[in-house]
Amino acid sequence: KFFGARNFAMNFTDEEIVEAIKYAHLYGVKVYVTMNTLVYETETENFIKYAEFLHKNNVDAIIIQDIGMMDVLRKMYPNLELHASTQMHIHNVEGVKLVESLGLKRTVVARETSINLLKEMKENSNIELEVFVQGALCVSYSGQCLMSSLLNGRSGNRGTCSQCCRMPYDLIVDNQKIQAEKYLLSPKDLNCLNYLEPLLELGIDSLKIEGRMKRKEYVYMVVKLYRKAIDSYFDTGYIHITEQDLIELKKIFNRGFTKGFLNHEKSSDFIHSIRPNHMGIE
């Protein structure tokens with residue numbers, strides 16, 4: 001419940017985190033905990049205490065944004081694995097080399113990163129790369145949006161984004177409204193199920209599924225389909241996803257789907273201006 005980028009989710013109590021880590025480790029599953037907000041100076045003591053609590057309870061890694069806290073944890077707990085959060089907006093080779101030099105094991109790259117850039121990162125560093133493949137997208141650069149902070153005093157970098165991009169807007173030119181649809185800034189959901197081959201061929205270390213505000217049924221369905229897709233690729237050399245699989249995915253949650261910027265899609269394929277929430281299927 002502390003220092004995560006989703007303050008309004010249910011989140012885990014300390015007791016639940018300890019139980020989750022033990023349970024996951026019984027099945028050989030790793031647990032990474034987000035401590036990826038920007039941290040005020042008055043919070044540093046509590047931040048370090050919470051990181052120590054996770055470390056003592058065998059968390060596999062902490063995902064972090066604040067570069068000052070990153071430096072402190074590296075010095076205090078050299079055996080604690082740290083990953084750079086997407087909130088750090090690591091989007092080029094220089095950024096990857098920086099976090100690698102700071103002793104991080106993995107970076108979750110910015111959602112705007114293309115396949116070509118990922119290839120360049122792989123060729124010029126030894127750090128593990130984690131790439132978003134499914135879920136909600138931000139209309140701004142990953143971790144760089146100040147819209148909610150400026151308009152509503154709720155900062156996305158402090159875990160309290162008010163999702164201004166999901167609100168209705170009018171587009172006015174010469175005092176006239178020139179659009180019929182309202183949700184001009186609301187991105188579609190990322191969906192790379194049918195676009196995994198280039199990521200797997202590159203040797204990307206981990207695929208990231210966004211869903212901290214989603215129901216457990218959503219998490220189950222999406223993870224299951226990506227596991228199926230990955231296994232089919234390594235078993236047969238191609239991704240085997242059926243039309244029925246995609247229908248099930250749309251049923252559980254969709255705002256319309258986009259491949260995002262992995263393949264430099266046009267911006268017209270990125271925004272879903274009809275509505276900002278679950279579309280369902282006919």
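**Exercise 1. Which side chains meet in a salt bridge with an N to O distance of 2.9 Å, and are they buried or exposed?**

Solution. In this predicted model, the side chains of Asp189 and Arg255 meet in a salt bridge, with 2.9 Å from N to O. Next, locate the partners: Asp189 belongs to strand β8 (residues 189-191), while Arg255 is found in the loop between α9 (243-252) and β10 (257-258), and the pair thus links distant parts of the chain, 66 residues apart. Finally, turn to accessibility, where buried means under 20% relative accessible area. Asp189, at 1%, counts as buried, and Arg255, with a relative accessible area of 9%, is buried as well.

**Exercise 2. Work out where the salt bridges of Glu52 with Lys56 and of Asp205 with Lys122 lie along the chain.**

Solution. Begin with Glu52 and Lys56, whose side chains meet at 3.6 Å, N to O. Both residues lie in helix α2, four residues apart, which is about one turn of the helix. Glu52 is partly exposed, with a relative accessible area of 28%, whereas Lys56 is exposed at 61%.

Continue with Asp205 and Lys122, which meet in a salt bridge at 3.0 Å, N to O. Because Asp205 lies in the loop between α7 (197-202) and β9 and Lys122 in helix α5 (residues 115-123), this pair ties together parts that are 83 residues apart in sequence. Asp205 is partly exposed, with a relative accessible area of 37%, and Lys122 counts as partly exposed at 25%.

To place these pairs in the whole, note that the model has 19 salt bridges.

**Exercise 3. Describe the aromatic pair of Phe3 and Phe47, and then the pair of Tyr233 and Phe234.**

Solution. A pair of aromatic rings is described by the distance of the centres and the angle of the planes. The count of aromatic pairs comes to seven. In one of them, the rings of Phe3 and Phe47 are 5.0 Å apart from centre to centre, with 70 degrees between the planes, an edge-to-face arrangement. Phe3 sits in the segment before α1 (14-26) and Phe47 in helix α2 (residues 44-56), and these positions are 44 residues apart. Both Phe3 and Phe47 are buried.

For Tyr233 and Phe234, the ring centres are 5.2 Å apart and the planes stand at 75 degrees, so this pair is also edge-to-face, the cut-off being over 60 degrees. Here Tyr233 counts as buried at 13% relative accessibility, but Phe234 is exposed, with a relative accessible area of 57%.

**Exercise 4. What surrounds Glu210, and where does Glu210 lie?**

Solution. First, Glu210 has its place in the loop between β9 (206-209) and α8 (216-236). At 6% relative accessibility, Glu210 counts as buried. Then list the neighbours: leaving out residues up to four places away in sequence, Glu210 touches Arg6, Arg111, Phe132, Gln134, Gly135, Ala136 and Tyr218. For Ala136, the backbone nitrogen lies 2.8 Å from a polar atom of the Glu210 side chain.

**Exercise 5. How many disulfides does the structure hold, and why is the sulfur of Cys161 not bonded to that of Cys165?**

Solution. The structure holds zero disulfides. The closest cysteine sulfur to that of Cys161 is in Cys165, and because the separation is 6.2 Å, the two are too far apart for a bond. Cys164 is likewise in no disulfide, the nearest cysteine sulfur, that of Cys161, being 6.3 Å away. As for accessibility, Cys164 is buried at 6%, whereas Cys161 is partly exposed at 37%.

Technical notes. Residues are numbered from 1 along each chain as its sequence is written. This is a predicted model: local features need pLDDT of at least 70, side-chain atom pairs count only at pLDDT 80 or more; totals for chains, interfaces and linings use all residues. Side-chain values use heavy atoms; hydrogens and water are left out. Rings of Phe, Tyr and Trp (its six-membered ring) pair if their centres lie within 6.5 Å; planes under 30 degrees apart count as stacked, over 60 as edge-to-face and the rest as tilted. Helices (H or I, at least four residues) and strands (E, at least two) are DSSP runs, numbered from the N terminus. Buried means under 20% relative accessible area, exposed over 50%, partly exposed in between (1.4 Å probe, protein chains only). A polar contact is a pair of N or O atoms within 3.5 Å; within protein, one must be able to donate a hydrogen and the other to accept it, and residues adjacent in sequence count only if both atoms are side-chain atoms. Contact means heavy atoms within 4.5 Å. A disulfide is a pair of cysteine sulfur atoms within 2.5 Å. A salt bridge is a side-chain nitrogen of Lys or Arg within 4 Å of a carboxyl oxygen of Asp or Glu.
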